[in-house]
Amino acid sequence: MNSSQPRDNALASEYALGTLRGRARLRFEKRLQAEPELAALVGRWQTLLGGLDSQLQAQQPPETVWKKIQLSLPPERNVVVPSRWSWNYLGWALAAGLAAVTLVPYFSPKAPELAPLMVLNGSGQQGQWLVSADGDRKTLRLTPLQLASVSASNSLQLWAIPVGAKPVSLGLLDSKAVTQLSNGNVTLSRGVTIAISLEPQGGSPTGQPTGPVVYSGVL
């Protein structure tokens, strides 16, 4: 396996998310023009991440937002004809002010920021699962991507399997919607397997996987 592949995969995911910035982004875009395989990797990440915003709802800022911006501006008598640079600066300042005013009412500071962590592939199964996590990997969000339907008599159960240890249940998953879970006090470090098994309705009756593993991946 090429040692650069994990790094390229990480860069491609950051590029698709829009979090790759500055010189690193410019260097990556130059590589995209010359490396078709890298461009295809970005395309796959864009496809995987494209449906994540389907859970978001548009918010209409209240009228008080513009009033606060107007009150923060200097009186008109002090305004001089700005240069082109000044217009650019004013536009940036207005955008930053609007973001600061509007984001506070709609987003709780306690909500963890989750970023893509890994993809679980199926063994002969249709679709994939995108696993996202916060910085401490204590909160997980699993997003189903084009899964086959699951029988009403079965449930999908998520497991963390540390190296050399027994599987630990992290909870049941909804095959048609995003599911958010805790890490079950398992340290999600390199080498830990994340797996999904097909269990009887309501989950495993023994506390350990009893059905086939249908999706899995290794951190």
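Here is a short friendly exchange on a pocket and a helix pair in this predicted model. Residues are numbered from 1 along each chain as its sequence is written. Local features need pLDDT of at least 70 and side-chain atom pairs count only at pLDDT 80 or more, while totals for chains, interfaces and linings use all residues; side-chain values use heavy atoms, with hydrogens and water left out.

Reader: Where does the second largest pocket lie?
Author: Happy to walk through that. A pocket here is an open set of points on a 1 Å grid over the protein atoms alone where a 1.4 Å probe fits, with protein on both sides within 12 Å along at least five of seven lines; lining residues have an atom within 4 Å of a point. Because both domains, bounded by an automatic or database assignment, give residues to the lining, the pocket lies between domain 1 (1-51) and domain 2 (115-218).

Reader: Which residues lie nearest the centre of the second largest pocket?
Author: Its lining has 23 residues in total. Those nearest the centre are N9, W45, P116, L117 and M118.

Reader: How is α2 oriented to α3: roughly parallel or roughly perpendicular?
Author: Helices are DSSP runs of H or I, at least four residues, numbered from the N terminus. Using lines fitted to C-alpha atoms over the stretch in contact, with angles from 0 to 180 degrees between N-to-C directions, α2 (residues 22-34) and α3 pack at about 115°, axes 6 Å apart. Since 65 to 115 degrees counts as such, α2 to α3 is roughly perpendicular.

Notes: Helices (H or I, at least four residues) and strands (E, at least two) are DSSP runs, numbered from the N terminus. Angles under 35 degrees count as roughly parallel, over 145 as roughly antiparallel, 65 to 115 as roughly perpendicular and the rest as oblique.
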